[in-house]
Every structure is written in C-alpha cells, then in structure tokens.
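Got the viewer open? Here's a short tour of things to select, one stop after another.

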Amino acid sequence: MRVRLDRTLCDGFGYCAKHAPKYFSLDDWGYASMTGDGRVDPGDEDDVMRALMDCPIHAIIEITEEGDDI
C-alpha cells in the first residue's frame, strides 16, 4: 500500500497523526506532513487506512498501480 498527502487540502484536524503517527506528523500550526515516502508496511495498513478514512477533507489518497481494481 502507498499513500500520499495533499498538504494544500489539510485543515489540521490531526486524525492522521492520531491514527498513524509512524506515517504522519503535525507541524507547529497543526497541519499534517508525511513521514517517509508513502510506502506503508503491511502491518500498519489498518492504521493508515483508518487515518485515510477519518480525514474529513480527504487529504490522504491511496496510490494504486496501473491495472489495480482498487
């Protein structure tokens, strides 16, 4: 699984950092940043998916490979 964060959409709710702190952090103003390159370890997929689903403005996007049916 790979994800990306659109920082231009982030409104600073912080759910991503709460659910998946290994992948998302908050800056001094409370806006999210990605930690790493967006690749998610298989054991962390549930946490990152929860962060993705709980983001009220959908700033986290799952990246799928060409041809995937997701």
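Start by selecting Asp 54 and Arg 50, and show their side chains: they form a salt bridge, with the closest N and O atoms 3.1 Å apart. Bear in mind throughout that this is a predicted model. Both residues lie in helix 2, 4 residues apart, which is about one turn of the helix. Asp 54 is partly exposed, with a relative accessible area of 28%, and Arg 50 also counts as partly exposed, at 48%.

Next, pick Lys 22, Asp 41 and Asp 44, which are joined into one network by salt bridges that share partners. Zoom in on Lys 22 and Asp 41, where the closest N and O atoms are 3.1 Å apart. What does this pair tie together? Lys 22 sits in the loop between helix 1 (15-19) and strand 2 (24-26), while Asp 41 is in the loop between strand 3 (32-34) and helix 2, so the bridge links parts 19 residues apart in sequence. Asp 41 itself is partly exposed, at 39% relative accessible area.

Stay with charges for one more stop and select Arg 39 with Asp 37: their side chains meet in a salt bridge, 2.4 Å from N to O. Arg 39 counts as exposed at 51% relative accessibility, whereas Asp 37, at 46%, is partly exposed. The structure's salt bridge count comes to 5.

Now for the inside. Select Val 3, Phe 24, Val 48 and Ile 60, the residues with the most contacts within the largest nonpolar core, which has 15 residues. Strand 1 and helix 2 (45-54) are the elements that give two or more residues to this core, and helix 2 supplies the largest share, 3 residues.

Keep Val 3 highlighted and show its surroundings: leaving out residues up to four places away in sequence, Val 3 touches ten-odd spots to click through, including Met 34, Gly 38, Val 40, Leu 52 and Ile 63. Then colour strand 1 (residues 2-5). Which side chains point to the buried face? Val 3 and Leu 5 do, while Arg 2 and Arg 4 point to the other face and are not buried. Add strand 4 (residues 60-63), which pairs with strand 1 in the antiparallel sense over 4 bridges; there, Glu 62 stands opposite Val 3.

Last stop: aromatics. A search of the whole structure finds 1 aromatic pair. Select Phe 13 and Tyr 15: their ring centres are 6.1 Å apart and the planes are at 10°, so the pair is stacked. Phe 13 is partly exposed at 47% relative accessibility, and Tyr 15 is partly exposed at 34%.

Technical notes. Residues are numbered from 1 along each chain as its sequence is written. This is a predicted model: local features need pLDDT of at least 70, side-chain atom pairs count only at pLDDT 80 or more; totals for chains, interfaces and linings use all residues. Side-chain values use heavy atoms; hydrogens and water are left out. Buried means under 20% relative accessible area, exposed over 50%, partly exposed in between (1.4 Å probe, protein chains only). Two strands pair if DSSP finds at least two bridges between them. Rings of Phe, Tyr and Trp (its six-membered ring) pair if their centres lie within 6.5 Å; planes under 30 degrees apart count as stacked, over 60 as edge-to-face and the rest as tilted. A nonpolar core is a set of buried Ala, Val, Leu, Ile, Met, Phe, Trp, Tyr and Cys residues joined through side-chain atoms within 4.5 Å. Contact means heavy atoms within 4.5 Å. A salt bridge is a side-chain nitrogen of Lys or Arg within 4 Å of a carboxyl oxygen of Asp or Glu.
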